[in-house]
Amino acid sequence: MEAVKIHLPQELFESAEMRPYEGTVACDRLEAGPDTYTFEGPVAWSVEVTNTGDGLLVMGRAQAQATTQCARCLEDVSYDLSGDIEGYYLVGGEEAETPEDLEDDEFEYVPDNHVIDIAPLIEQALLLELPLVPLCDDDCKGLCPHCGKNLNEGPCDCDEKASSTDDNPFAALKNLHFDD
């Protein structure tokens, strides 16, 4: 994802000041574990930057439509994503006093040029909305392990006995009985 730079005006450094920002950003692809998501258009985002006294709180939403392959049948599946953007920036550089209730990875510092990049916050918001296992349907039957046919389109022509032969690593389990 390309950078999304927000220029913070001097007025925003007064306590309780707030300013809205919005826009779109191009995102070609997003990697989430073994899955690659492509985007059909730009990611729309909107945030409000609020001065909390010690820092700047960035809160808003990111929305996009992403496509990946189903983990079972490999068909394309699309997701409408809408995630919460959240970030906190301390004012005063690294000399600023860190609030006791924040860990080191829960904030950034406002740079001297007063320009922050919220692209990582937008990416994080989208990543949190992605499924752990992308599926075209909860009842997806996947692919036949022998011929590769998409079983959602109907049964394949593979011989039933072929799936129970000894070359199947799970064939040893077929005679396993669980007694109480």
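This passage walks through the fold, the largest pocket, the surface contacts and a few backbone details of a predicted model.

The overall architecture is a good place to start. The protein has nine strands and one helix, and along the sequence these follow the pattern β-β-β-β-β-β-β-β-β-α. The helix therefore comes after the strands in the order of elements, as that pattern shows. Of the 180 residues, 33% count as buried.

Turning to empty space, the largest pocket holds about 340 Å³. Its lining is made by 18 residues, and those nearest the pocket centre are Ile85, Glu86, Gly87, Leu121 and Gln124. Three elements each supply at least two residues of this lining, namely β6 (55–69), β7 (76–90) and α1 (119–127). Among these contributors, β7 gives the most, with seven residues. In chemical character, the lining of the largest pocket divides into nine nonpolar, six charged and three polar residues. Readers preparing to look at the pocket in a viewer may find the residues around its centre, such as Ile85 and Leu121, a handy place to begin.

The strands β6 and β7 come up again among the ionic contacts. The structure holds two salt bridges. In one of them, aspartate 84 pairs with arginine 61, and the closest N and O atoms are 2.1 Å apart. This pair links distant parts of the chain, since aspartate 84 belongs to strand β7 and arginine 61 to strand β6, 23 residues apart. Both partners are partly exposed: aspartate 84 has a relative accessible area of 44%, and arginine 61 one of 35%. Each value falls in the partly exposed class because that class lies between the 20% limit for buried and the 50% limit for exposed.

The other salt bridge joins glutamate 31 to arginine 29, with 2.8 Å between the closest N and O atoms. Glutamate 31 is likewise partly exposed, at a relative accessible area of 43%.

Nonpolar groups also appear on the surface. Phe170, Leu173, Leu176 and Phe178 make a nonpolar surface patch of about 510 Å². One of its members, phenylalanine 170, is found in the segment after α1. With a relative accessibility of 59%, phenylalanine 170 counts as exposed, because the threshold for that class is over 50%.

Some individual loop residues complete the picture. Proline 42 sits in the loop between β4 (35–39) and β5 (43–51), and this residue is exposed, with a relative accessible area of 52%. Proline 42 and alanine 26 are 16 residues apart in sequence, while their C-alpha atoms are 4.6 Å apart in space.

Two residues that are not glycine adopt a positive phi. Alanine 16 has a phi of about 70 degrees and is found in the loop between β1 (5–7) and β2 (18–25). Its relative accessible area of 65% makes alanine 16 exposed. Histidine 114 has a positive phi of about 60 degrees, and its place is the loop between β8 (108–109) and β9 (115–117). At 24% relative accessibility, histidine 114 counts as partly exposed, because a residue must fall under 20% to be called buried.

Technical notes: Residues are numbered from 1 along each chain as its sequence is written. This is a predicted model: local features need pLDDT of at least 70, side-chain atom pairs count only at pLDDT 80 or more; totals for chains, interfaces and linings use all residues. Side-chain values use heavy atoms; hydrogens and water are left out. On a 1 Å grid over the protein atoms alone, a cavity is a set of points where a 1.4 Å probe fits but cannot get out, and a pocket is an open set with protein on both sides within 12 Å along at least five of seven lines; lining residues have an atom within 4 Å of a point. Grid points are joined across faces, edges and corners, and a volume is the space filled by probe spheres set on the points. Helices (H or I, at least four residues) and strands (E, at least two) are DSSP runs, numbered from the N terminus. Ala, Val, Leu, Ile, Met, Phe, Trp, Tyr, Cys and Pro count as nonpolar, Asp, Glu, Lys and Arg as charged, and the others, Gly among them, as polar. Patches are made of residues with over 30% relative accessible area and no salt bridge: like charges are joined within 9 Å, nonpolar side chains (Val, Leu, Ile, Met, Phe, Trp, Tyr) within 5 Å. Accessible areas come from the Shrake-Rupley method with a 1.4 Å probe; for residues, only the protein chains shown count as cover. A salt bridge is a side-chain nitrogen of Lys or Arg within 4 Å of a carboxyl oxygen of Asp or Glu. Buried means under 20% relative accessible area, exposed over 50%, partly exposed in between (1.4 Å probe, protein chains only).
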